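Visitor: Could you pick a single part of this model and take a close look at it with me? I am in my first year, so please go step by step.

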Amino acid sequence: MTPQQNGVVERKNITLEDMVWTMFIDSGIAKNFWAEATNIACYLTRSKTRNSLAFSAFLSQLEPKNIKEALKDADWITEMQEGLYQFKRNKVWHLVPRPSNRTIIGTRWVFRNELDEHRNTTRNKVRLIVQGYNQEEGIDYDETFAPLARMEAIRINIASDSHIEFTLFQMDVKSAFLNDFLKEKVYVKLPPGF
């Protein structure tokens, strides 16, 4: 190769490396996905576009798409077991034989990577959710609740508490449950994979 060709190749390699580092910094993913990120960067360079869909596809490879993928990774399994342990510890459910005359609600796992303020992955986050679409209001349940706190409400609370010099304490909640008894019995399937 001529010196000019070597310079072109070197600049292309630097561009690829910069793109890969940008993807890592922007997404906060683990560095052991270097080959996959380089593959995406090569595609983006060849296509002459800065296609965000390709980058999104790269990120989606890092979270399991289904339970089969999650069960291949010990970290995801540990998080699922921790979630089930919280249910047991809080006495949220107990295992019973499947009744034939009741609606059984399905469950599924939702997988997400939790990021810190620098967008680095801090841990795998797993939630078990019920598939409530097979229930009918008035037959299977009477009321629904979805406790949440909007960021605006939290800011107002902090501002008013600091104005009247209240002391605030932060706590990390692994699992949150309403502290009330259900009026009806609810039957759910065991989580997939367990």
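**A close look at the sheet and its surroundings**

Guide: Let's begin with one pair of residues: Ile105 stands opposite Val188 in strand E3. Please keep in mind throughout that this is a predicted model. Strand E1 covers residues 104–115, and strand E3 is made of residues 187–188. Two bridges join E1 to E3, and these two strands run parallel.

Now turn to the other partner of E1. Strands E1 and E2 pair in the antiparallel sense, over ten bridges. One facing pair to look for is Glu114, which stands opposite Arg123 in E2. Put together, the three strands make an open sheet with the order E2-E1-E3 and mixed pairing. Strand E2 (121–131) and strand E3 stand at the edges; each has a single partner strand, so one side of each is left without a neighbour in the sheet.

Let's stay at the E3 edge for a moment. Tyr187 lies in strand E3. Leaving aside residues up to four places away in sequence, Tyr187 touches Val96, Pro99, Arg102, Thr103, Ile104 and Ile105. You have already met Ile105 as the residue opposite Val188. Val96 is worth finding too: Val96 and Tyr187 are 91 residues apart along the chain, yet their C-alpha atoms are separated by 8.9 Å.

That kind of meeting fits a wider count. Among contacts in the protein between residues at least 6 apart in sequence, 60% join residues at least 24 apart.

Val188 also takes us to the surface. Together with Val92, Trp93, Val130, Leu182 and Val186, Val188 forms a nonpolar patch there, and the accessible area of the patch is about 490 Å². Trp93 sits in the loop between helix H5 and strand E1. How buried or exposed is Trp93? Its relative accessible area is 31%, so Trp93 counts as partly exposed.

Another tryptophan makes a good comparison. Trp76 is in helix H5, which covers residues 74–89. Trp76 has a relative accessible area of 3%, so it counts as buried. What does Trp76 touch, once residues up to four places away in sequence are set aside? The answer is Glu63, Pro64, Ala70, Phe111, Arg112, Asn113, Asn124, Lys125 and Val126. Compare those numbers with the strand ranges: E1 runs over 104–115 and E2 over 121–131, so the contacts of Trp76 include residues of both strands, such as Phe111 and Asn124. Phe111 is 35 residues from Trp76 in sequence, while the two C-alpha atoms are 8.3 Å apart in space.

Helix H5 has a second residue to follow, Glu79. Glu79 touches Arg123, Asn124 and Val126, again not counting residues up to four places away in sequence. Notice Arg123, the residue that Glu114 stands opposite. A relative accessibility of 18% is under the 20% limit, so Glu79 counts as buried.

Next, follow the chain to helix H6, residues 151–163. H6 has 13 residues, which at 1.5 Å a residue should span 18 Å; its end C-alpha atoms are 18 Å apart, which agrees. Ile158 is in helix H6, and with a relative accessible area of 43% it is partly exposed. Ile158 and Leu168 are ten residues apart in sequence, and their C-alpha atoms are 7.9 Å apart.

After H6 comes Glu165, in the loop between helix H6 and strand E3. Most residues other than glycine have a negative phi. Glu165, however, has a positive phi of about 60° although it is not a glycine. Glu165 counts as exposed, at 70% relative accessibility. The loop that holds Glu165 brings us back to strand E3, where we set out.

Finally, step back to the whole chain. The protein has six helices and three strands, and from the N terminus on its elements run α-α-α-α-α-β-β-α-β. Of its 194 residues, 23% count as buried. The accessible surface of the protein comes to about 15500 Å², and 54% of it belongs to carbon and sulfur atoms.

Technical notes
Residues numbered from 1 in each chain as written. Predicted model: local features only at pLDDT ≥ 70, side-chain atom pairs only at ≥ 80, totals over all residues. Heavy atoms only, no water. Helix = DSSP H or I, 4+ residues; strand = E, 2+ residues; numbered from the N terminus. Buried < 20%, exposed > 50% of the residue type's maximum accessible area, 1.4 Å probe, protein only. Contact = heavy atoms within 4.5 Å. Areas by Shrake-Rupley, 256 points an atom, 1.4 Å probe, with all protein chains shown as cover. Patch = residues over 30% accessible without salt bridge, like charges linked within 9 Å, V, L, I, M, F, W, Y side chains within 5 Å. Salt bridge = Lys/Arg side-chain N within 4 Å of Asp/Glu carboxyl O. Expected span 1.5 Å × (residues − 1). Pairing = 2+ DSSP bridges.
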